[in-house]
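Biologist: Before we discuss any label, could you show me the model and then tell me which rules stand behind the words you use?

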Amino acid sequence: MRVLVTGGAGYIGSHTLLELLAQGHEVCVLDNYTNATPEVLTRVRTLSNRTILDYTGDVRDASMLDKVMQDFMPEAVIHFAGLKAVGESTEKPLYYYDVNVGGTLALLRAMGRAGCRRIIFSSSATVYGEPIYLPYDEAHPTAPTSVYGRSKLMAEGILSDWAAAQGDVSAVLLRYFNPVGAHASAQIGEDPKDVPNNLMPYIAQVAVGKREALTVFGDDYETPDGTGLRDYIHVVDLARAHVAALDYAANHAGARHFNIGTGQSYSVREMVRAFEKACNRSIPTQQAGRRAGDIAAMQADPRRAAAELGWSATHTLDDMTASTWAWQSANPHGYDT
C-alpha cells in the first residue's frame with residue numbers, strides 16, 4: 001500500500017516507517033522538522049535499504065498537501081504531525097489548536113481532493129482525563145485536563161464526523177499511552193530538541209551526563225510510592241500497532257478508537273530504578289511539586305486492540321530501558337553528531 005506519513009521523521013514516525021517498509025509498503029514522508037531532523041530519514045533508509053520519498057512542508061499548507069497527494073497518490077495516511085507538550089499547550093493554546101486541529105482539517109480536505117479514503121490518527125490517552133475507573137477502556141468518558149488533550153479530542157471528533165458523513169472511509173484513532181524505548185539498532189530513538197517533556201528521555205539525558213538531575217514532579221499522589229503511575233509502551237510495539245491499524249482500515253469503514261498500551265503501569269521511581277539497572281549507574285533526582293495538568297495514574301485496557309487489530313505489546317520494561325540506554329549512550333547528543 002502507498003502510505004503518506006505526516007511527521008514521519010519524528011520519534012514514533014521514524015520507527016513506524018521501518019515497520020511499514022519491513023511489511024512491503026511504499027512510504028512518503030511530509031515533515032516540517034519542528035521537532036525532528038532529516039538525519040532521521042537518512043538512518044531509516046540505511047537500516048531498511050529502501051527508498052523513501054520525502055517532502056519538507058507543513059501539514060497546514062494546502063498547496064503542499066496537494067502536491068504531495070498528486071505526486072505520490074497515497075492509498076492511506078498515517079497522521080503523526082502535531083504538537084505534544086502538555087505544559088507548552090497551556091502557554092500557547094492557539095498554536096496547539098492551529099497545528100493539531102487545523103492541520104487535521106487541512107489534511108482531510110486534501111485527502112478528499114485526492115480521493116484518499118483511509119487515515120490512521122496519532123491520538124493520546126490524555127483525552128480521558130482524570131480516571132473514573134482504571135484501567136481506561138475505550139468507553140471511558142473523555143474529559144482532558146490540558147489544551148493538548150483537548151486538541152487531540154477535537155481532532156478525533158472531526159475524524160469521527162468525517163467518517164460518519166462519508167460512509168465509505170476509514171479512520172482508525174490510536175490513543176497512545178506513554179511511548180518509550182528505541183530501535184534495536186540504536187540508530188534511531190527519541191531526541192527532543194529542547195528540554196525533554198517526558199520522563200524517559202530526561203532520565204536518559206541525566207544518565208549520559210547531559211543534565212544534572214531528574215526533577216520528580218509530585219510525591220504526594222495516591223499511589224504506592226506517591227509518584228505518578230503511567231502505562232509505558234515500547235515504541236516498536238507502538239509502531240507495529242500502526243501497521244495493524246492500516247490492515248484494519250483496509251477492511252473496515254467508519255471511525256474506531258483503540259487504546260495502545262500494555263495494561264501495566266509503573267511509577268516514576270520504579271522507572272528510575274529500572275533505568276539505573278540498564279545503565280549501571282545512579283540517576284540523581286530532585287523533588288518538586290505537582291505539575292499542572294498531570295494526573296495520578298494512567299493505565300490502558302488494550303483488549304479491544306488485541307481482539308480487533310490482532311495486536312498486543314510484547315516488549316518488557318527491561319527492553320524499554322535497555323534500548324533507551326543503548327540509543328542514548330551511542331548518541332549522547334541525539335542526531336546532532
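Modeller: I begin with the axes, which are lines fitted to C-alpha atoms, for helices over the stretch in contact, with angles running from 0 to 180 degrees between N-to-C directions. Helices (H or I, at least four residues) and strands (E, at least two) are DSSP runs numbered from the N terminus. This is a predicted model, in which local features need pLDDT of at least 70 and side-chain atom pairs count only at pLDDT 80 or more, while totals for chains, interfaces and linings use all residues. Residues are numbered from 1 along each chain as its sequence is written, and side-chain values use heavy atoms, with hydrogens and water left out.

Biologist: Why is α7 called oblique to α11?

Modeller: The two helices pack at an angle of about 50°, with their axes 10 Å apart. Angles under 35 degrees count as roughly parallel, over 145 as roughly antiparallel, 65 to 115 as roughly perpendicular and the rest as oblique. The angle therefore makes α7 oblique to α11, and the crossing is right-handed (the near helix is turned clockwise from the far one by less than a right angle, whereas anticlockwise would be left-handed).

Biologist: Which residues of α7 and α11 meet, and how do they divide by class?

Modeller: With contact meaning heavy atoms within 4.5 Å, Met-200, Pro-201, Ala-204, Gln-205 and Ala-207 of α7 meet Met-320, Thr-321, Thr-324, Trp-325 and Gln-328 of α11. They divide into 6 nonpolar, 4 polar and no charged residues, where Ala, Val, Leu, Ile, Met, Phe, Trp, Tyr, Cys and Pro count as nonpolar, Asp, Glu, Lys and Arg as charged, and the others, Gly among them, as polar.

Biologist: What makes you say that helix α7 is largely enclosed by the rest of the structure?

Modeller: Buried means under 20% relative accessible area, exposed over 50% and partly exposed in between, using a 1.4 Å probe and protein chains only. For α7 (residues 199-207), 9 of the 9 residues are buried, so the helix is largely enclosed. Its cover includes the strands β7 (178-180), β8 (214-217) and β10 (232-234), together with the helices α9 and α11. After α7 comes Gly-209, whose phi is positive, near 90°.

Biologist: Why are α9 and α11 called oblique as well?

Modeller: The axes of α9 (residues 268-279) and α11 (residues 317-330) come within 9 Å and cross at roughly 55°, and α9 and α11 are therefore oblique to each other. Their contact includes Met-271 and Phe-275 of α9 and Thr-321 and Trp-325 of α11. By class, the residues of that contact are 8 nonpolar, 2 polar and 2 charged.

Biologist: How do you know that α1 and α8 are oblique to each other, and where does Thr-16 belong?

Modeller: The axes of α1 (residues 11-22) and α8 come within 8 Å and cross at roughly 60°, and α1 and α8 are therefore oblique. This crossing is right-handed, and the contact has 9 nonpolar, 3 polar and 2 charged residues. Thr-16 is in helix α1, and a relative accessible area of 0% makes Thr-16 buried. Not counting residues up to four places away in sequence, Thr-16 touches Ile-78, Phe-80, Ala-239 and His-242.

Biologist: What makes a set of residues a nonpolar core?

Modeller: It is a set of buried Ala, Val, Leu, Ile, Met, Phe, Trp, Tyr and Cys residues joined through side-chain atoms within 4.5 Å. The largest such core has 44 residues, and those with the most contacts inside it are Leu-174, Ile-260 and Leu-309. Helix α8 (residues 235-249) gives the most to this core, with 10 residues. A second, separate core of 27 residues includes Val-59, Leu-107, Met-111 and Leu-159.

Biologist: Why is Tyr-33 counted as buried or exposed, and what of Asn-49?

Modeller: Tyr-33 has 12% relative accessibility, so Tyr-33 counts as buried, whereas Asn-49, at 70%, counts as exposed. Most residues other than glycine have a negative phi, and most peptide bonds are trans. Phi is nevertheless positive in Tyr-33, near 60°, and in Asn-49, about 55°. A cis peptide bond joins Leu-134 and Pro-135, with omega about -5°, and Pro-135 is in the loop between β5 (118-124) and α6 (147-166).
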